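Q: Could you show me how to read a protein model, one feature at a time?

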Amino acid sequence: MGINMAIDQNVKELLIMGDSDLIIRQAQGEWETRDVKLIPYKKNVEDLSKRFKSIEFRYIPRCHNELADALATLASMLPYPGNAHVDPLEIQIRERHGYCNTIEAAQNTQPWYHDIKRFLKTQEYPEQASGDQKRTIRRHASGFFLSGDVLYKRTPDLNLLRCVDIEEAGRIMHEVHAGVCGPHMNGYVLAK
């Protein structure tokens, strides 16, 4: 399916990476395909490969194939569009993991949930808010719950997540990483 999509997109040079050493070596022609059920697939790949100026099959060990796992998970969540046009997916590879690219909040500013909390408390909007901004605040506020002075976000399974500002978030992270509260999972799962 992926090779057919590349042909439809008029790709001339193709690099196919896979984490199955057997499949990659069979596609490269290094190993013989003996399974009777796989021979037609091998023949199909050979026929399709002739339509490219250059095509390369590269083996990537499973432990180094995080991108493919993420894409496979994403693909499994979407229905197959049939003959519909599929826009190409642009992927940017970063030098660091995503959790390293956190947003730094400015000190001495209102927390991100300030307008929502104020609306739930007093039904007031910020002075400079436009009609669209007021509508957005109302829509977001419907997903939150105010108990006393503590704001909670409702989750789809009806749990409540406590909203914290930068100082409280820093304190909580320090306590968790210092082991004060003790996690309910092992260190590996906590790190993930």
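**Reading the surface and the cores**

A: Leu 67, Leu 71, Leu 74, Met 77, Leu 78 and Ile 93 form a nonpolar patch on the surface, together offering about 620 Å² of accessible area. Patch members have over 30% relative accessible area and no salt bridge, and nonpolar side chains (Val, Leu, Ile, Met, Phe, Trp, Tyr) are joined within 5 Å; a salt bridge is a side-chain nitrogen of Lys or Arg within 4 Å of a carboxyl oxygen of Asp or Glu. The areas come from the Shrake-Rupley method with a 1.4 Å probe. This is a predicted model, where local features need pLDDT of at least 70 and side-chain atom pairs count only at pLDDT 80 or more, while totals for chains, interfaces and linings use all residues. Residues are numbered from 1 along each chain, and side-chain values use heavy atoms, without hydrogens and water.

Q: Is Met 77 buried or exposed?

A: Buried means under 20% relative accessible area, exposed over 50%, and partly exposed in between. Met 77 counts as exposed because its relative accessibility is 61%.

Q: Which residues make up the largest nonpolar core?

A: A nonpolar core is a set of buried Ala, Val, Leu, Ile, Met, Phe, Trp, Tyr and Cys residues joined through side-chain atoms within 4.5 Å. Here the largest has 8 residues: Tyr 113, Ile 116, Phe 119, Ile 137, Ala 141, Phe 144, Leu 151 and Cys 163.

Q: What does Ser 49 touch, not counting residues up to four places away in sequence?

A: Contact means heavy atoms within 4.5 Å. Ser 49 touches Ile 55 and Phe 57, with that exclusion. Ser 49 is buried, because its relative accessible area is 15%. Its side chain also reaches the backbone oxygen of Val 45 at 2.6 Å.

How values were computed
Patches are made of residues with over 30% relative accessible area and no salt bridge: like charges are joined within 9 Å, nonpolar side chains (Val, Leu, Ile, Met, Phe, Trp, Tyr) within 5 Å. Buried means under 20% relative accessible area, exposed over 50%, partly exposed in between (1.4 Å probe, protein chains only). A polar contact is a pair of N or O atoms within 3.5 Å; within protein, one must be able to donate a hydrogen and the other to accept it, and residues adjacent in sequence count only if both atoms are side-chain atoms.
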